[in-house]
Amino acid sequence: MHRLFFFLLTAGFLLPIAGCNFQQNTSKKAKPVIETLLSASESWNGDLYSYPQGQAQMTLLKITAPVGFRTPVHTHPQPGIAYVVKGTLDCVVTADNTKVFSAGDSFATTFGDTAHYCESVGNESAIVYVVYAGAEGDPVTIPFKK
């Protein structure tokens, strides 16, 4: 009876372990899918990019803007790239220099002294990822002063 109990106890521990597969189910033939969404040397409105002086610093922002939110007028002292995950943005430099970006769109942000604003328009909040290639200590956004 003790042998049967010991056998059942041992089997109860070993069967679940034996059922585990410790090998990874990865294929050495699997390859990633890499898509270039944007490669730019100038912004969506034609500003030519150049890098600021100093220690390089990359910044990644996730911005969630509710419908109706409008940024203050501002500039960017470094190049940036944005990707709209959800929603719609209406970006304005002047009345005749605007661009609408929707979910799935990528764009190079304005640069330098180009004052602009963007507004979340449409039926849902905008979610936007923005990457800036700047210099350590420099702000990514500067409020515009007239």
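## Basis of the description and overall make-up

Helices (H or I, at least four residues) and strands (E, at least two) are taken as DSSP runs and numbered from the N terminus; on that basis the protein chain contains 1 helix and 9 strands. Read from the N terminus on, the order of elements is α-β-β-β-β-β-β-β-β-β. The model is a predicted one, in which local features need pLDDT of at least 70 and side-chain atom pairs count only at pLDDT 80 or more, while totals for chains, interfaces and linings use all residues. Residues are numbered from 1 along each chain as its sequence is written, and side-chain values use heavy atoms, with hydrogens and water left out.

The accessible surface of the protein chain, computed by the Shrake-Rupley method with a 1.4 Å probe and with only the protein chains shown counting as cover for residues, comes to about 10500 Å², of which 59% belongs to carbon and sulfur atoms. Of the 146 residues in the protein chain, 28% are buried, where buried means under 20% relative accessible area, exposed over 50%, and partly exposed in between (1.4 Å probe, protein chains only). Contact is defined by heavy atoms within 4.5 Å, and among contacts in the protein chain between residues at least 6 apart in sequence, 80% join residues at least 24 apart.

## The four-stranded sheet

Two strands are said to pair if DSSP finds at least two bridges between them, and by this criterion 4 strands form an open, antiparallel sheet in the order β1-β8-β3-β6. Because β1 (56-65) and β6 (106-108) stand at the edges with a single partner strand each, one side of each is left without a neighbour in the sheet. The twist from one strand to the next averages 20 degrees, with axes fitted as lines to C-alpha atoms (for helices over the stretch in contact) and angles running from 0 to 180 degrees between N-to-C directions.

Strand β3 (residues 80-86) is joined to strand β8 (residues 126-135) by antiparallel pairing over 6 bridges; isoleucine 81 has valine 131 as its bridge partner in β8, and valine 84 stands opposite valine 128 of that strand. The pairing of β3 with β6 is also antiparallel and runs over 3 bridges, with alanine 82 placed opposite phenylalanine 107 in β6. Apart from residues up to four places away in sequence, alanine 82 touches Asp105, Ser106, Phe107, Thr109, Val128, Tyr129 and Val130.

## The three-stranded sheet and the disulfide

A further 3 strands form an open sheet in the order β5-β4-β7, again with antiparallel pairing. Here β5 (97-102) and β7 stand at the edges and have a single partner strand each, so one side of each is left without a neighbour in the sheet. Neighbouring strands of this sheet are turned against each other by 20 degrees on average, direction ignored. Strands β4 and β5 run antiparallel and are joined by 6 bridges, and the bridge partner of cysteine 91 in β5 is lysine 99.

When a disulfide is taken as a pair of cysteine sulfur atoms within 2.5 Å, the count comes to 1 disulfide. This link is formed by cysteine 91 and cysteine 118, whose sulfur atoms are 2.2 Å apart, and with 110 degrees about the S-S bond it is right-handed. Since cysteine 91 lies in strand β4 and cysteine 118 in strand β7 (residues 117-121), the pair ties together parts that are 27 residues apart in sequence. Both cysteine 91 and cysteine 118 are buried.

## The nonpolar core

A nonpolar core is a set of buried Ala, Val, Leu, Ile, Met, Phe, Trp, Tyr and Cys residues joined through side-chain atoms within 4.5 Å. The largest such core has 12 residues, namely Trp44, Ala82, Val84, Leu89, Cys91, Phe101, Phe107, Cys118, Ala126, Val128, Val130 and Tyr132. The elements that give two or more residues to this core are β3, β4 (88-94) and β8, and the largest share, 4 residues, comes from β8.

## Histidine 74

Histidine 74 lies in strand β2 (residues 74-75) and is buried, with a relative accessible area of 8%. Histidine 74 and alanine 115 are 41 residues apart in sequence, yet their C-alpha atoms are 5.2 Å apart in space. Not counting residues up to four places away in sequence, histidine 74 touches Thr114, Ala115, His116, Tyr117, Thr141, Ile142, Pro143 and Phe144.
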